[in-house]
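Please walk through this model with its sheet and its charged pairs in mind. Where should one start?

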Amino acid sequence: MAAVNLASVTTMTAYLKVGDLTTTGATDLLTVASSDAYKIEAIFLCNNDTSNSCTATLELSADGSNFNFLAKELVIPPATTISIIDRPIFLKETQIIRGSASANGDIDYTITGTLIE
């Protein structure tokens, strides 16, 4: 297991991951596989409930086991989309983004960027 050497990249592929956040504790949204890297260019959270606010939490692990918050109990108004990052971030092998919400199925997430192999 070695981090991707960006000078010797063989493949760069557009990446899009979408889904719903749940209340069942923090769920892994993106786990970087061995010898891969991701350039994450956007993370969006959308409250698809048209009448109730909902909170969302996103966490990032740099080592695969210890987590820091990207957003903690962020209140998202009804029918609103929020951008979580305003600049790209790079993730390397074993790094993880995980998330949860205060209501099942109310928060949709979108993660987009480039898979670097």
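Start with R98. Its relative accessibility is 22%, so R98 counts as partly exposed; the buried class would need a value under 20%. This is a predicted model, and the values that follow are computed from it.

R98 has a charged partner. The side chain of R98 meets that of E59 in a salt bridge, with 3.0 Å from N to O. R98 belongs to strand 8 and E59 to strand 4, so the pair ties together parts that lie 39 residues apart in sequence. E59 is on the other side of the cut-off: its relative accessible area is 11%, so E59 is buried. The bridge therefore joins a buried residue to a partly exposed one.

How many salt bridges does the structure hold? There are two. Besides the E59 pair, R87 forms a salt bridge with D86. Here the closest N and O atoms are 3.5 Å apart. The setting of this pair is exposed. R87 has a relative accessibility of 59% and so counts as exposed. D86 reaches 69%, and so D86 is exposed too.

Now back to the strands that carry E59 and R98. Strand 4 pairs with strand 8, residues 96–101, in the antiparallel sense. Six bridges link the two. At one position along this pairing, A56 stands opposite A101 of strand 8.

Step back to the whole sheet. Four strands form it, in the order 2-8-4-5. The sheet is open, and the pairing is antiparallel. Which strands stand at the edges? They are strand 2 (27–31) and strand 5 (67–76). Each has a single partner strand, so one side of each is left without a neighbour in the sheet. Neighbouring strands are turned by 20° against each other on average, with direction ignored.

One residue of strand 4 deserves a closer look. T57 sits in this strand, which covers residues 54–61. Is T57 buried or exposed? Its relative accessibility is 12%, so T57 counts as buried. Leaving aside neighbours within four places in sequence, T57 is in contact with F69, A71, K72 and E73, and also with R98, G99 and S100. So R98, the starting point, returns here as a contact of T57, in addition to its salt bridge with E59. E73 offers a further detail. A polar atom of the T57 side chain lies 3.0 Å from the backbone nitrogen of E73.

Conventions
Residues are numbered from 1 along each chain as its sequence is written. This is a predicted model: local features need pLDDT of at least 70, side-chain atom pairs count only at pLDDT 80 or more; totals for chains, interfaces and linings use all residues. Side-chain values use heavy atoms; hydrogens and water are left out. Buried means under 20% relative accessible area, exposed over 50%, partly exposed in between (1.4 Å probe, protein chains only). A polar contact is a pair of N or O atoms within 3.5 Å; within protein, one must be able to donate a hydrogen and the other to accept it, and residues adjacent in sequence count only if both atoms are side-chain atoms. Contact means heavy atoms within 4.5 Å. Two strands pair if DSSP finds at least two bridges between them. Axes are lines fitted to C-alpha atoms, for helices over the stretch in contact, and angles run from 0 to 180 degrees between N-to-C directions. A salt bridge is a side-chain nitrogen of Lys or Arg within 4 Å of a carboxyl oxygen of Asp or Glu.
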